[in-house]
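Biologist: I'd like to go through this structure with you before I get back to the bench. Could we take it piece by piece?

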Amino acid sequence: MATIILNRTSEYVNRLRNYGVYIDGKKVGTIANGETKEFVVSPGQHSIVTKIDCCTSKTITFDISDDEIKEFK
């Protein structure tokens, strides 16, 4: 399986709030201020976005192969 590593930078604004992490439109977890999390996905094309309330990050679409690790900040 492939692995996505997501790093959330430490920031003063929203430091007490977690962002929702969505892979392929499905919520797979949350990420806290300054936290790093890993998500296992199948090989192929995926999209990732984070959300808090009505605000969302830019959607990133990427390809990942078996046993590959991709890191996003």
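Biologist: Let's start with E68: where is E68 found?

Modeller: Please keep in mind that this is a predicted model. In it, E68 is found in the loop that lies between β7 and β8.

Biologist: And is E68 buried, partly exposed or exposed?

Modeller: E68 is partly exposed, with a relative accessible area of 26%.

Biologist: What does E68 touch, leaving out residues up to four places away in sequence?

Modeller: With those residues set aside, E68 touches A2, T3 and D63. There is also a polar approach to the backbone, since a polar atom of the E68 side chain lies 2.8 Å from the backbone nitrogen of S65.

Biologist: I also have N7 on my list. How many residues apart are E68 and N7 along the chain, and what separates their C-alpha atoms?

Modeller: They are 61 residues apart along the chain, and their C-alpha atoms are separated by 17 Å.

Biologist: Which strand is N7 in, and is N7 buried or exposed?

Modeller: N7 is found in strand β1, and N7 is buried, with a relative accessible area of 16%.

Biologist: What does the side chain of N7 make a polar contact with?

Modeller: The side chain of N7 makes a polar contact with the side chain of E71, at 2.5 Å. If neighbours within four places in sequence are left aside, the residues in contact with N7 are I31, E35, T36, E71, F72 and K73.

Biologist: What is the strand order in the open sheet of 3 strands?

Modeller: The order is β4-β1-β8, and the pairing in this open sheet is mixed. The strands β4 (36-41) and β8 stand at the edges with a single partner strand each, so one side of each is left without a neighbour in the sheet. On average, and ignoring direction, neighbouring strands of this sheet are turned by 20 degrees against each other.

Biologist: How many bridges join β1 to β4?

Modeller: There are 6 bridges between β1 (residues 2-7) and β4, and these two strands run antiparallel. As one of the pairings, I5 has E38 in β4 as its bridge partner.

Biologist: Switching to rings: how many aromatic pairs are there?

Modeller: The count comes to 1 aromatic pair. F62 and F72 form that pair, and it is tilted, with 5.0 Å from centre to centre and 50 degrees between the planes.

Biologist: Which parts does the pair of F62 and F72 tie together?

Modeller: F62 lies in strand β7 (residues 60-64) and F72 in strand β8 (residues 69-72), so the pair ties together parts that are 10 residues apart in sequence. F62 counts as buried at 6% relative accessibility, and F72 is buried too, with a relative accessible area of 14%.

Biologist: What about charges over rings, say, which charged end sits over the ring of Y19?

Modeller: That is the charged end of R8, which sits 3.9 Å from the centre of the Y19 ring. In addition, the charged end of K51 sits over the ring of Y22, 4.5 Å from the centre of that ring.

Biologist: Y22 is in β2, I think; how many residues of β2 are buried?

Modeller: Yes, Y22 is one of the β2 residues, and β2 is mostly covered, with 5 of its 5 residues buried. Both faces are covered, with Y19, V21 and I23 on one side, and G20 and Y22 on the other.

Biologist: What does β2 pair with?

Modeller: β2 pairs with β3 in the antiparallel sense over 5 bridges, and the bridge partner of G20 in β3 is T30. β2 also pairs with β5 in the antiparallel sense, over 4 bridges, and Y22 stands opposite V49 in β5.

Biologist: How many residues lie between the strands in the hairpin of β2 and β3?

Modeller: There are 2 residues between the strands, and in this hairpin D24 takes a positive phi near 55 degrees. Most residues other than glycine have a negative phi. D24 lies in the loop between β2 (19-23) and β3 (26-31), and D24 is partly exposed, with a relative accessible area of 43%.

Biologist: And what is the phi of D53 near?

Modeller: Phi of D53 is near 55 degrees, which is a positive value in a residue other than glycine. D53 is placed in the loop between β5 (44-52) and β6 (55-56), and D53 counts as exposed at 62% relative accessibility.

Methods. Residues numbered from 1 in each chain as written. Predicted model: local features only at pLDDT ≥ 70, side-chain atom pairs only at ≥ 80, totals over all residues. Heavy atoms only, no water. Phe/Tyr/Trp six-rings, centres within 6.5 Å; stacked < 30°, edge-to-face > 60°. Buried < 20%, exposed > 50% of the residue type's maximum accessible area, 1.4 Å probe, protein only. Lys NZ or Arg CZ within 6 Å of the ring centre and 35° of its normal. Pairing = 2+ DSSP bridges. Axes fitted to C-alpha atoms, helices over the stretch in contact; angles between N-to-C directions. Polar contact = N/O pair within 3.5 Å; in protein donor to acceptor, adjacent residues only side chain to side chain. Contact = heavy atoms within 4.5 Å.
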